[in-house]
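Biologist: I'd like to know what stands behind the labels on this model. Can you take me through them?

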Amino acid sequence: MYFTATLQVMRLCLQRVWRAVLYADYHVVFLPRYLRDLSRYAKESRALGVTGFPLRTAPYLTDRRAQAGRSLKDLYVQQDLWAARLIFDRRPAMHYDIGSSIDGFIAHLLSCRQEVTLIDIRPYADADFGLRFMQADATNLSAFPDDSLESLSALCSLEHFGLGRYGDPIDPAACFSVFRAIRRVLKPGGHAYISLPVGPAQCIAFNGGRVFHPQTVVDAFPGMDLAEYACATPAGLVTDVSPDADAPYLKDRRGRPWDDAAYGLYHFTKR
């Protein structure tokens, strides 16, 4: 098994190197246009007598062919907006988060002056704009008493627990431990917003993360009600659906599972 895993890792590394070479060649295609633009700008700048801005090169070669910004169908964009809107509607006095994206989801909350406490096993030195930071292993949420938190989120973070990727100890059961901890620390009537990779077949892509059956996540939160379920897919956000592993939204137009796992978006409330 170890030998097979080593071969798989080597194959992935070679694929990434080859893609990097192709991407470099793709950049070279746009170099002549850049050089023409540079020459023209230098000539026109001299002709107009523009001074005070010494010219230096900093080539960005592919932006002219890119779209105007990150796609709203990006899985992270979909999940961040979905969760942020739900939290905005409730405006908790303090929202707690486990390991979600700071430059996406957390920034959305901070932009509306929502107080946030971020919990992460890794250090973070730039807490500001109403962000509080707690460096801790959130597997058991031992810093919090039972029934104490009003609002808690974890967007595409819990699937990594116990795999060692972020410096956490190896623990095959860690993701289920944190599921239990979330149930414990939420107060009755409290809200949990959770995003996890979902697909027709469960697996662990070590040490990248886990993929869950959608229903597995629901079953891991007894004593909590599923207030809302949605799914972020490469085709866009799917709402008003059930967490069914055989659902068509988990597959592309050809009926095959998405190459990149879809994200199940779960809004739980504690009874």
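**Labels and their cut-offs**

Biologist: Why is Arg33 called partly exposed?

Modeller: Arg33 has 38% relative accessibility. Buried means under 20% relative accessible area and exposed means over 50%, with partly exposed in between (1.4 Å probe, protein chains only), so Arg33 at 38% gets the middle label. Bear in mind that this is a predicted model: local features need pLDDT of at least 70 and side-chain atom pairs count only at pLDDT 80 or more, while totals for chains, interfaces and linings use all residues. Residues are numbered from 1 along each chain as its sequence is written, and side-chain values use heavy atoms, with hydrogens and water left out.

Biologist: What makes Arg33 and Asp37 a salt bridge?

Modeller: The term asks for a side-chain nitrogen of Lys or Arg within 4 Å of a carboxyl oxygen of Asp or Glu. For Arg33 and Asp37 the N to O distance is 3.5 Å, so the pair qualifies under that rule. Side chains of opposite charge can pair when their charged atoms come close. As for exposure, Asp37 comes out at 33%, so it is partly exposed.

Biologist: Where do Arg33 and Asp37 sit relative to each other?

Modeller: Both belong to helix H2 (residues 31–48), and they are four residues apart, which means about one helical turn separates them. Helices (H or I, at least four residues) and strands (E, at least two) are DSSP runs, numbered from the N terminus. The protein has six helices and 10 strands.

Biologist: How many salt bridges are there in the whole structure?

Modeller: A whole-structure search turns up seven. One of them joins Asp120 to Arg122, with the closest N and O atoms 3.1 Å apart. Asp120 is buried at 12% relative accessible area, whereas Arg122 is partly exposed at 35%.

Biologist: How do you know that Asp225 and Arg271 belong on that list?

Modeller: Their side chains come to 2.8 Å, N to O, and that number passes the salt-bridge limit. This pair links distant parts of the chain: Asp225 is in strand S8 (residues 224–233), Arg271 is in the segment after strand S10 (262–270), and their positions lie 46 residues apart in the numbering. Asp225 is partly exposed at 35%, while Arg271 is exposed at 59%. Elsewhere, salt bridges with shared partners tie Arg33, Asp37 and Arg64 into one network.

Biologist: On to rings. How many aromatic pairs does the search find?

Modeller: It finds nine. Phe176 and Phe179 make one, 5.6 Å centre to centre with 85° between the planes.

Biologist: Why is the Phe176 and Phe179 pair called edge-to-face?

Modeller: Rings of Phe, Tyr and Trp (its six-membered ring) pair if their centres lie within 6.5 Å; planes under 30 degrees apart count as stacked, over 60 as edge-to-face and the rest as tilted. Phe176 and Phe179 have 5.6 Å and 85°, so they pair, and edge-to-face is the right label. They sit three residues apart in helix H5 (residues 174–185), about one helical turn. Phe176 is partly exposed at 34%, but Phe179 is buried at 1%.

Biologist: And what makes Tyr266 and Phe268 stacked?

Modeller: Their planes are 5° apart and their centres 5.8 Å apart, so both values fit the stacked rule. Tyr266 is buried at 0%, and Phe268 is buried at 1%. Ring pairs gather these residues into a cluster with Phe176, Phe179, Phe212, Phe221 and Tyr229.

Biologist: What about cysteines: how many disulfides does the structure hold?

Modeller: Zero. A disulfide needs a pair of cysteine sulfur atoms within 2.5 Å. Among the cysteines, Cys156 is buried at 4% and Cys231 is buried at 0%.

Biologist: What is unusual about the backbone at Arg91 and Cys156?

Modeller: Most residues other than glycine have a negative phi, and most peptide bonds are trans. Arg91 has a positive phi of about 45°, and it lies in the loop between helix H3 (75–90) and strand S1 (95–98). Cys156 has a phi near 50°, also positive, and is found in the loop between strand S4 (149–155) and H5.

Biologist: Which peptide bond is cis?

Modeller: The one from Phe206 to Asn207, with omega near -5°. Asn207 is in the loop between strand S6 (203–205) and strand S7 (209–211).
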